[in-house]
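Me: I should like a close look at one part of this model, namely its pockets, together with the helix packing around them. Please treat the matter as one connected account.

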Amino acid sequence: MTMPDKGTVERLQQLVSSEIAEQSDAIVWLQGDQFDRGEKALSLWQSGLAPVIVLTGNNELLGSQKRPGEDNVSLAQMLDWLIDRGVPRASIIIGDRSMNTRDQAVHVLALAQRNGWKKILLVGSIHHQLRPYLTFLKRAQEIGWEGRVINQPAMFGWQVIPGGRTVTAREIFAHEVAKLHEYRDHVVSIDDGMAAITRYYPFYFRPATMDDVHFLLDLRNDPAVRKHFFQDNAVGEVEHVAWLEQSLKNPDRLLYVICDQTNNRIGQMRFDIRENIAEVSIFLAAGARGRGLAAGIIKQGSVHVLHENSRVQKLIARIKSGNVGSIHVFQKAGYGIGNESAAIVTAEF
């Protein structure tokens with residue numbers, strides 16, 4: 001494997017960080033970062049998304065002397081942590097023979113084959129999800145497992161120092177990318193990883209430009225879009241051109257065009273920042289509606305903004321109270337429904 005293109009790596013990282021959890025056969029908690037990944041594994045189990053949690057790792061590479069820069073907790077401690085929070089012992093499987101990521105993929109997917117699992121929720125961390133995902137895909141190819149690996153990393157800011165670590169998440173991620181070449185025999189290529197995940201997330205984001213002015217105007221004036229606005233009047237071209245010019249100059253507005261994998265424009269996503277809060281809005285073109293894309297788009301865009309803009313600490317959306325479909329989609333994307341009034345529902349991510 002040659003060193004992967006930086007832009008493609010960032011795109012795939014964005015995707016593995018923002019997959020939507022689906023009903024699955026097992027939750028796989030990869031040992032590492034002490035208990036940082038526990039809350040994610042626990043919340044998935046509490047939501048009824050899988051009946052069992054698999055703890056995979058070992059009880060030997062513990063303490064900072066065994067693996068420099070890491071101070072991991074044992075599988076027994078992970079087990080006790082889950083039991084203390086209400087997970088029955090019968091719902092937990094322990095795999096203690098994995099000394100590295102490759103071993104974890106080997107043992108977990110052998111378990112998946114024996115049990116007939118078709119989907120697993122893979123719980124790593126924001127900085128340590130890409131390489132395990134590519135490793136699991138490689139092992140799946142080797143043994144002919146045709147199931148799906150759904151990424152569910154623990155999320156925190158890039159400047160955070162994860163549990164048991166000595167450097168930031170961003171620094172660890174850079175090291176993880178370098179490992180892709182070092183362990184090239186254990187991972188599929190970035191292109192293969194992209195192909196696998198974009199079967200389910202066939203879209204990407206790019207910053208809007210003035211070349212998008214007519215697409216954005218048509219989208220803005222689409223009656224099916226306007227009916228969800230709080231101010232639902234149509235706008236003229238002159239007004240819209242001026243708005244877009246100012247938006248592109250405004251550091252407090254992040255305006256993205258959503259494209260499919262053939263570069264066709266399918267929607268718009270906007271974030272308006274005030275202090276440390278960004279308000280999100282999203283509009284999809286007619287051809288992209290009704291395809292189940294919205295929740296994935298919202299989550300991916302939200303994760304991207306939170307982790308690439310240190311100013312933003314929280315995201316909110318304001319939705320018309322009668323727009324039940326949009327409320328449900330934002331919930332599926334991970335937004336909690338907060339204050340409600342006769343006209344507005346506020347969702348927070």
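How many residues line the largest pocket, and which of them lie nearest its centre?

Reply: The model is a predicted one. In it, 43 residues line the largest pocket, and those nearest its centre are His 228, Phe 229, Ser 281, Ile 282 and Phe 283. The volume of this pocket is about 1300 Å³. Both helices and strands give two or more residues to its lining: on the helical side these are H8 (213–221), H9 (223–226), H10 (237–249), H11 (294–308) and H12 (324–332), and on the strand side S8 (265–274), S9 (277–284) and S10 (314–320). Sorted by class, the lining of the largest pocket comprises 20 nonpolar, 12 polar and 11 charged residues.

Two of the helices that contribute to this lining, H11 and H12, also form a packed pair. Their axes come within 8 Å and cross at roughly 50°. Angles from 35 to under 65 degrees fall in the oblique class, and H11 and H12 are therefore oblique to each other. The crossing in which H11 passes H12 is right-handed. On the H11 side the contact is made by Ala 294, Ala 295 and Ile 298, and on the H12 side by Val 329, Phe 330 and Lys 332. Five of these contact residues are nonpolar and one is charged, with no polar residue in the contact of H11 with H12.

The second largest pocket has a volume of about 580 Å³. It is lined by 30 residues, and the closest to its centre are Arg 67, Glu 70, Arg 131, Glu 176 and Lys 179. Helices H4 (101–115), H5 and H6 each supply at least two residues of this lining, and H6 gives the most, with five residues. The class composition of the lining of the second largest pocket is six nonpolar, 15 polar and nine charged residues.

H5 and H6 are likewise a packed pair. Helix H5 spans residues 130–143 and helix H6 residues 169–182; they pack at an angle of about 30°, with their axes 9 Å apart. Since angles under 35 degrees count as roughly parallel, H5 and H6 are therefore roughly parallel to each other. Leu 130, Arg 131 and Leu 134 of H5 meet Phe 173, Glu 176, Lys 179 and Leu 180 of H6 in this contact. The contact of H5 with H6 divides into four nonpolar and three charged residues, with no polar ones. Arg 131, Glu 176 and Lys 179 thus appear both in this contact and among the residues closest to the centre of the second largest pocket.

A further helix pair completes the account. Helix H1 (residues 6–16) packs with helix H7 (residues 190–197) at an angle of about 35°, and their axes are 10 Å apart. The crossing of H1 and H7 is left-handed. H1 brings Thr 8, Val 9, Arg 11, Leu 12, Leu 15 and Val 16 to the contact, while H7 brings Ile 190, Asp 191, Gly 193, Met 194 and Ile 197. In the contact of H1 with H7, seven residues are nonpolar, two are polar and two are charged.

Key: Residues numbered from 1 in each chain as written. Predicted model: local features only at pLDDT ≥ 70, side-chain atom pairs only at ≥ 80, totals over all residues. Heavy atoms only, no water. Axes fitted to C-alpha atoms, helices over the stretch in contact; angles between N-to-C directions. Helix = DSSP H or I, 4+ residues; strand = E, 2+ residues; numbered from the N terminus. Left-handed = near helix turned anticlockwise from the far one by under 90°. Contact = heavy atoms within 4.5 Å. Nonpolar A, V, L, I, M, F, W, Y, C, P; charged D, E, K, R; others polar. Parallel < 35°, antiparallel > 145°, perpendicular 65-115°, else oblique. 1 Å grid on protein atoms, 1.4 Å probe; cavity = no way out; pocket = protein on both sides within 12 Å on 5 of 7 lines; lining within 4 Å. Points joined across faces, edges and corners; volume = space filled by probe spheres on them.
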